[in-house]
Amino acid sequence: MRSSAETVLREVMDIRQAAGYLGISSDTLYRYASEGFVPAFKLGNRWRFKKSLLDSWMDRQSGASATPALTEVKPREKKPARAAM
C-alpha cells in the first residue's frame, strides 16, 4: 500500500491524484482538462497529468517567476462616488 506522500510525488497522476494535489474536486479537474484549462493528456480514454507541468502551470497562474523580483505595491485607487439622481 502506498502512502499519500508517495502518491503526490508521482510524476504522472490520474485525475483523482491530480485533483488531490491541486486541492480541487475530481469533477472540477475533469471539466478543466476537457476545456483545456489545465495541462493534461489522455492515455487511452483516461486523463493523465504530469506533476512538473501542473507546477509550471500553477506558477504561471499565480504570477510567480523563477527569480522573484521586488515590485512596488501601489494602493488601490477608489472609484469616484456616483452622483445621486
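This section describes the fold, the sheet, the helix packing and selected side-chain contacts of a predicted model.

The chain contains four helices and three strands. Along the sequence, these elements follow the pattern α-β-α-α-β-β-α. Of the 85 residues, 18% count as buried. The exposed surface of the chain is about 7300 Å². Carbon and sulfur atoms supply 53% of that area. Contacts were also examined by sequence separation. Among those between residues at least 6 apart in sequence, 44% join residues at least 24 apart.

The three strands form an open sheet in the order S1-S3-S2, with antiparallel pairing. Strands S1 (12-14) and S2 (41-43) stand at the edges. Each has a single partner strand, so one side of each is left without a neighbour in the sheet. From one strand to the next, the twist averages 45°.

Both pairings involve S3. S1 and S3 pair in the antiparallel sense over three bridges. Within this pairing, Met 13 has Phe 49 of S3 as its bridge partner. S2 is joined to S3 (residues 46-50) by three bridges, and these two strands also run antiparallel. Here Lys 42 stands opposite Trp 47 of S3. Leu 43 faces Arg 46 of S3 in the same register of opposite residues. The hairpin of S2 and S3 has two residues between the strands. In this hairpin, Gly 44 takes a positive phi near 70°.

In a regular strand, side chains alternate between the two faces of the sheet. S3 shows such an alternation. Trp 47 and Phe 49 point to one face and are buried. Arg 46, Arg 48 and Lys 50 point to the other face and are not buried.

Two helices pack against the strands. Helix H2 (residues 15-22) lies across S1 and S3. H2 runs at about 100° to S1. H4 also packs on the sheet, where it touches S1 and S3. The direction of H4 makes about 70° with that of S3.

H2 has four named buried positions: Gln 17, Ala 18, Ala 19 and Leu 22. Arg 16 lies in this helix as well. With a relative accessibility of 55%, Arg 16 is above the 50% cut-off and therefore counts as exposed. At the start of H2, a side-chain oxygen of Asp 14 comes to within 3.1 Å of the backbone nitrogen of Arg 16. Arg 16 was also compared in position with Asp 27. The two residues are eleven apart in sequence, and their C-alpha atoms are 9.3 Å apart in space. Just after H2, Gly 23 takes a positive phi of about 80°.

Lys 51 lies in helix H4, which spans residues 51-62. The relative accessible area of Lys 51 is 17%, under the 20% cut-off, so this lysine is buried. Its side chain makes a polar contact with the side chain of Tyr 21, at 3.4 Å.

The aromatic side chains were examined next. The count comes to two aromatic pairs. In one of them, the rings of Phe 37 and Trp 57 have their centres 5.5 Å apart. Their planes stand at 85°, so the pair is edge-to-face. This pair links distant parts of the chain, with the two positions 20 residues apart in sequence numbering. Phe 37 lies in the loop between helix H3 (26-35) and S2, whereas Trp 57 lies in helix H4.

The two partners differ in burial class. Phe 37 has a relative accessible area of 41% and is partly exposed. Trp 57 has a relative accessibility of 12% and counts as buried. Together with Tyr 32, Phe 37 and Trp 57 form one aromatic cluster.

Conventions
Residues are numbered from 1 along each chain as its sequence is written. Side-chain values use heavy atoms; hydrogens and water are left out. Buried means under 20% relative accessible area, exposed over 50%, partly exposed in between (1.4 Å probe, protein chains only). A polar contact is a pair of N or O atoms within 3.5 Å; within protein, one must be able to donate a hydrogen and the other to accept it, and residues adjacent in sequence count only if both atoms are side-chain atoms. Two strands pair if DSSP finds at least two bridges between them. Axes are lines fitted to C-alpha atoms, for helices over the stretch in contact, and angles run from 0 to 180 degrees between N-to-C directions. Contact means heavy atoms within 4.5 Å. Rings of Phe, Tyr and Trp (its six-membered ring) pair if their centres lie within 6.5 Å; planes under 30 degrees apart count as stacked, over 60 as edge-to-face and the rest as tilted. Accessible areas come from the Shrake-Rupley method with a 1.4 Å probe; for residues, only the protein chains shown count as cover.
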